[in-house]
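Me: Please take a close look at one part of this chain for me. Pick a loop, say what surrounds it, and then place it in the wider picture.

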Amino acid sequence: GELYQEFLAGIQETDYTTPALKRVPEDQGHSYWYYARFEEGESYPRYCRAKSSSSLSSTNTKQDALYPPSINPKWGQKQVTNNGNDDEESSSFYPPLLPNEEVYLDVPSMAKHKTYLAVGAIAISPNSKYLAYSTDEKGGETCQIYVKDIESGKEWVLHDYDTKNVPHDDDSIGTITDDDDDNGDTNNNVLECDGSIVWNDESDALYYVTMDDTHRPYRLYRRQIFDSEGHWIDDVENRKKKEEELLMEENDELFNLRISKSFDGKYLLMRCSSKESSEVHYVDLRPGDNEEYENDNDDTVASGIKGKPDGKNKELVCIAKRQPKVLYRVTHCRGYWLVQTNIGNLPNLSLKSCRVGETGMEHWKDVFVVDISSGSDGSSNAAGMPVFDGGHERSLEGVTVFNPTTDNDESPSPLAYAVVTGRESGMPRVWVLEFDENQASSSEEADVGTSPPVAVSRMTRLEFDETAYDVGIGGNRDPNLPYVVISYDSLVTPPSHIAIPLSNPVDRNARRVLKEKEVPGYYKQSYACERTTVRSRDGKTDIPISLVYHRD
């Protein structure tokens, strides 16, 4: 008890995550700030959102409107009410964090009558009206999928085709059927899956993955859940379309099948991977964006996989067939794939590119730096040299692409940026890559098979006042914002979220600390940290050491 209380004393139990903006065009729905709230004594968060005054087509283009608004100063102070009647039992609640707050997933209420609950994926539909989420209610890492109309509170659970899926109204979030027991069981015909969920662009269908008898994710399905008028489609009707639902089946028992959506929302990405090899397929969720190309070769269906149309004349396309000892994953950037791969038996991942529609590893070309003078991080990249060559000097972990919109216009600006995470000199690092302006603005008109290599006009490594720290990508939902949110902490700085302007990442005065975690009883100003090196006994190696000390 005493040790536990001492542990709790150093934790701010009533807290929240940094609000992240997700904008949509005004004619397609509302734009929202998304965040989660943690309240003292609760084991689970409440997922919330609040309407934003800014949208992709809004005339409100002031920079301040794109940053999180001021937090309600009283939100962490529990309010008690009994309606002025001493005979009534009083109730307590926390005020909203932001004005017009909506709790769209109340996990504490869901878990109240369950012995176990783990939330898997949480996916808001592109039109912001629906929530799809998955839960594991037994601890066996097998999930069920639920769909919720956020405004009305109506929920549905996805079933196998053996039973009828009946919608219901319930004021208590998480109560799915009337016959739920304390263990969270609904019935034996609820669909079981790996927990991943991806919406289509029309917000009327879901993609999900099921598992085989060995708990291996291996089948990709697409299910139409709403009709053209927004009404839930009963499973009895879906049964007629059963043959069209299976999109992919991975038959190789060494490979797992996973799905995700590109950050810009244009592509469904399906990755089949083992420990030493991988293969990526995609579905164009927005074929009207003029990035869909004819493809007559045989790479659409790869060895060991069965593929079918997704039901709306959109086909799964293989970017490159799997090869032994070759791992790769992709990020979409204005008509190109940015490929992170170890091809060539590299010790780390290199960064390459190919045009969307080009299939096969022979099309992959190194992403290179245009001019050495464009670098600001003291790197050794010369003009025409690869940005990440997969060598020992610099490692690559992830790539996130941003396409900031121009003022008073929902169209992308001439520039695109890639925020890259990795390591250099043993330290976690973040780089901002600015793509060549001419190429970024004309790449979508390039012909398949004739596209030039992707060029980076400026490469900036983010630097900080402290020399020993951990840094990575933060919570970002909108690829069209002019800044990226990164997570940062050190031996003396609590976990923080910082907004870095993409057009000028070097200017530290232009950065905004959106949130720094509060640690009760801790005073950051009393401590300092630094990173230094000590020469090894044989005099050949510098060993890095991080020091933390009290300033007194």
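Reply: Start with Ser262, in the loop between strand E16 (256-261) and strand E17 (267-273). Keep in mind that this is a predicted model.

Is Ser262 buried or exposed? Ser262 has a relative accessible area of 7%. That is under the 20% cut-off, so Ser262 counts as buried.

Next, the neighbours. Leaving aside residues up to four places away in sequence, Ser262 touches Tyr267, Leu269 and His332. There is also a polar link to Lys266: a polar atom of the Ser262 side chain lies 3.3 Å from the backbone nitrogen of Lys266.

Now follow Lys266. The side chain of Lys266 forms a salt bridge with that of Asp284, at 2.9 Å from N to O. Lys266 sits in the loop between E16 and E17, while Asp284 lies in strand E18 (residues 278-284), so the salt bridge ties together parts 18 residues apart in sequence. Asp284 and Lys266 are both buried.

Other salt bridges are worth a look. Arg219 and Glu249 meet through their side chains, 3.7 Å from N to O. This pair links distant parts of the chain, with Arg219 in strand E14 (residues 217-224) and Glu249 in strand E15 (residues 246-250), 30 residues apart. What about their exposure? Arg219 is partly exposed, at 25% relative accessible area. Glu249 counts as buried, at 12% relative accessibility.

Arg216 pairs with Asp212, and their closest N and O atoms are 3.2 Å apart. Arg216 is buried, with 8% relative accessibility. The whole structure holds 27 salt bridges.

Further along the chain there is a sheet. It is open, has five strands in the order E25-E29-E28-E27-E26, and its pairing is mixed. Strands E25 (368-369) and E26 (394-402) are the edges; each has a single partner strand, so one side of each lacks a neighbour in the sheet. E26 runs antiparallel to strand E27 (residues 417-424), and eight bridges join the two. One of the residue pairs is Val399 with Val420 in E27.

Last, the chain as a whole. Its secondary structure comes to five helices and 35 strands. Of its 552 residues, 49% count as buried. The chain exposes about 27,100 Å², and carbon and sulfur atoms supply 45% of that area. Take the contacts between residues at least 6 apart in sequence: 53% of them join residues at least 24 apart.

Methods:
Residues numbered from 1 in each chain as written. Predicted model: local features only at pLDDT ≥ 70, side-chain atom pairs only at ≥ 80, totals over all residues. Heavy atoms only, no water. Pairing = 2+ DSSP bridges. Helix = DSSP H or I, 4+ residues; strand = E, 2+ residues; numbered from the N terminus. Buried < 20%, exposed > 50% of the residue type's maximum accessible area, 1.4 Å probe, protein only. Polar contact = N/O pair within 3.5 Å; in protein donor to acceptor, adjacent residues only side chain to side chain. Contact = heavy atoms within 4.5 Å. Areas by Shrake-Rupley, 256 points an atom, 1.4 Å probe, with all protein chains shown as cover. Salt bridge = Lys/Arg side-chain N within 4 Å of Asp/Glu carboxyl O.
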